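Trainee: I'm new to this one. Could we go through it together, one question at a time?

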Amino acid sequence: MAIINSINPLSWTNSISSLPSLHFSTPSQGFESRRFRLLCFSGENASDQLAKEKQMVVSVTGATGFIGRRLVQKLHQEKHQVHVLTRSKNNAQLIFPVNKFPGIVLADERDWKDSIRGSNAVVNLAGMPISTRWSPEIKKEIKESRIKVTSKVVEVINGLQADERPNVLVSATAVGYYGTSETRVFDEQSPSGNDYLSEVCREWEASALKVNKDVRVARIRIGVVLGKEGGALAKMIPLFMMFAGGPIGSGRQWFSWIHLDDIVNLIYEALSNPAYEGVINGTAPNPVRLAEMCEHLGNAMGRPSWLPVPDFALKAVLGEGATVVLEGQKVLPTRAKELGFSFKYPYIKDALKAVLSS
């Protein structure tokens with residue numbers, strides 16, 4: 001038996017009209033007596049009702065990408081409704097087949113407005129991967145792919161009536177915002193750098209901040225995400241197999257990383273927790289020098305760590321995009337720790353073992 005003191009009268013009138021009313025008087029503080037209705041229902045129905053009340057409708061850009069796929073899986077497992085905002089519905093259907101993701105909504109660009117109108121939250125993950133060979137054309141696409149989609153999402157949200165807008169926009173950005181350094185330590189209060197990736201991140205974030213002020217915005221500056229299915233690590237593993245798992249370059253570069261599960265959980269928490277606002281670094285609490293990361297990766301792969309992976313090998317795979325790994329920065333998740341976020345993988349050794357055993 002449970003007491004319901006917040007009931008939609010239109011949806012519940014018929015079910016409770018025949019039940020007696022119980023009257024409770026508040027203490028004599030000038031308040032009128034309030035009426036509470038007592039409703040009996042089974043535990044199963046109570047559980048279902050609670051689940052519906054907590055259910056979110058989340059629109060996701062970049063849902064078919066490395067992080068997006070895992071986020072959609074989590075949202076679906078937790079019984080939330082997901083709208084995949086895509087530019088290729090056919091590709092999205094292959095990644096999220098209806099038999100495995102019943103109820104998922106796949107919306108091409110002409111339907112984005114309707115999908116966002118019906119959402120509590122929007123997660124913006126769209127953008128061409130940076131862990132690829134850079135050319136002038138690719139660099140232009142890396143920037144435009146982020147800014148154009150972010151601007152489109154913001155334009156749609158701002159064009160909606162106040163009661164139609166989502167409550168929160170969780171917009172991805174990157175630790176590239178801070179620039180690179182072997183000696184400095186960066187947190188959310190640190191200024192931006194002056195290289196190409198810093199410029200991309202500044203413009204990317206500026207696009208998100210144009211959203212209506214009634215919408216809570218969380219900007220997640222994401223580090224190097226560790227997972228088998230994508231990101232820099234997936235391209236580094238074959239190099240380790242070839243070069244026996246030694247350090248890359250000098251090995252003194254800082255490596256600010258995060259396990260795929262942790263970045264997904266951080267984004268998930270930001271959707272429903274109103275304290276998650278502003279800039280939040282999406283990195284593990286224990287960044288390491290690249291030599292240490294390589295040693296743990298070599299051990300986890302069963303490769304001896306004696307032969308360094310030369311710079312040219314990584315550049316051959318990533319081109320100018322190798323800057324992210326070869327130069328690096330030490331970034332701390334100060335805000336996430338203040339918010340009490342619990343990292344499943346705070347240490348690189350455990351994270352790499354989990355990745356390689358999955």
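Trainee: Leaving aside neighbours within four places in sequence, which residues is Val123 in contact with?

Mentor: Keep in mind that this is a predicted model. We skip anything within four places of Val123 in sequence. What's left is Val58, Ser59, Val60, Thr61, Leu71, Val170, Ile267 and Leu271.

Trainee: And which helix gives the most to the largest nonpolar core?

Mentor: That core has 50 residues, and Val123 is among those touching the most other members, along with Val60, Ile67, Leu75, Val84, Val170 and Ile263. Eight of the core's residues come from one helix, spanning residues 260–272. That's helix α9.

Trainee: How many residues are in the second, separate core?

Mentor: Its members include Ile237, Leu290, Met301 and Ala354. Ala354 is also one of the buried residues in helix α14. As for the size of that second core, it's 23 residues.

Trainee: Within what arc do the buried residues of α14 fall?

Mentor: The buried ones are Ile348, Ala351, Leu352, Ala354 and Val355. Looking down the helix axis, they line one face of α14, because they all fall within an arc of 160°.

Trainee: Now the rings: how are Tyr177 and Tyr178 paired?

Mentor: Both tyrosines are buried, and ring pairs link them with Phe186 into a cluster. Their centres are 5.4 Å apart and their planes are at 85°, which is over the 60 degrees needed, so the pair is edge-to-face.

Trainee: Which residue's charged end sits over the ring of Tyr177?

Mentor: Look 3.6 Å from the centre of that ring. The charged end there belongs to Arg221.

Note on methods
Residues are numbered from 1 along each chain as its sequence is written. This is a predicted model: local features need pLDDT of at least 70, side-chain atom pairs count only at pLDDT 80 or more; totals for chains, interfaces and linings use all residues. Side-chain values use heavy atoms; hydrogens and water are left out. Buried means under 20% relative accessible area, exposed over 50%, partly exposed in between (1.4 Å probe, protein chains only). Helices (H or I, at least four residues) and strands (E, at least two) are DSSP runs, numbered from the N terminus. The arc is that of the directions from the helix axis to the C-beta atoms. A nonpolar core is a set of buried Ala, Val, Leu, Ile, Met, Phe, Trp, Tyr and Cys residues joined through side-chain atoms within 4.5 Å. Contact means heavy atoms within 4.5 Å. Rings of Phe, Tyr and Trp (its six-membered ring) pair if their centres lie within 6.5 Å; planes under 30 degrees apart count as stacked, over 60 as edge-to-face and the rest as tilted. A charge sits over a ring if NZ of Lys or CZ of Arg is within 6 Å of the ring centre and within 35 degrees of the ring normal.
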